[in-house]
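User: Could you take me through the sheet in this model, and through what packs on it? I am new to this, so please explain the terms as you go.

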Amino acid sequence: MKLLVIGYGRHGKDTVCDILERDYSLTFSSSSLFCAERFIFEALREEYGYTSVEQCFADRHTHRKRWFDLICEYNEEDASRLGREIFEEFDIYCGLRNKRELYALKNVQAYDYSIWVDRSEHCPPEPKSSMTIEPWMCDFWLDNNRGLKQLEFNVEQLMTGLIARQVTASFNF
């Protein structure tokens, strides 16, 4: 199963992916780390004085729009490029931020389901300058406003439904 896990910054996407990895053996890497290793560190190293990929990655929240713009540049010719590269190595693309990329990945059928992680009762939405995807664009909405135990329960409920869909779909010739 290939999943997109999407949401505003600090809404719990990585926590959801940790649960999916732990409980369902789905693999993931933060898309920010993936991008830092592939091209963002090189692009920002001199500009911000970074000495390592880890330092660049740790500072990503400070330069959110700059990261967004660099990823858009990376995907300029093919909006599905980054997502296809992530899905070659992992089951989950965690942190997609651009609706152009979302639709391109949907068009090439690169993923099975998109999941919006919401923590809006605790954290504000992100500006459109660094996030153009909105919750309604995703297949599913996952509530992360009630603590870790409730989030784990919500992930379990969602995955039960998604696995049932996958099994049903495999029997439809």
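Analyst: Happy to help; we start with the sheet and then turn to the helices beside it. Please keep in mind that this is a predicted model, where local features need pLDDT of at least 70, side-chain atom pairs count only at pLDDT 80 or more, and totals for chains, interfaces and linings use all residues. Residues are numbered from 1 along each chain as its sequence is written, and side-chain values use heavy atoms, leaving out hydrogens and water.

The sheet is open, with 5 strands in the order 2-3-1-4-5 and parallel pairing. Strands (E, at least two residues) and helices (H or I, at least four) are DSSP runs numbered from the N terminus, and two strands pair if DSSP finds at least two bridges between them. Strand 2 (28–30) and strand 5 (140–143) are at the edges with a single partner strand each, so one side of each has no neighbour in the sheet. From one strand to the next, the twist averages 20°; axes are lines fitted to C-alpha atoms, for helices over the stretch in contact, and angles between N-to-C directions run from 0 to 180 degrees.

Strand 2 pairs with strand 3 (residues 92–94) in the parallel sense over 3 bridges, and Ser29 stands opposite Tyr93 in strand 3. Helix 2 (residues 31–48) packs on the sheet and touches strand 2 and strand 3, where contact means heavy atoms within 4.5 Å. The direction of helix 2 makes about 70° with that of strand 2. Helix 7 (residues 148–171) also packs on the sheet, touching strand 1 (3–6), strand 4 (113–118) and strand 5.
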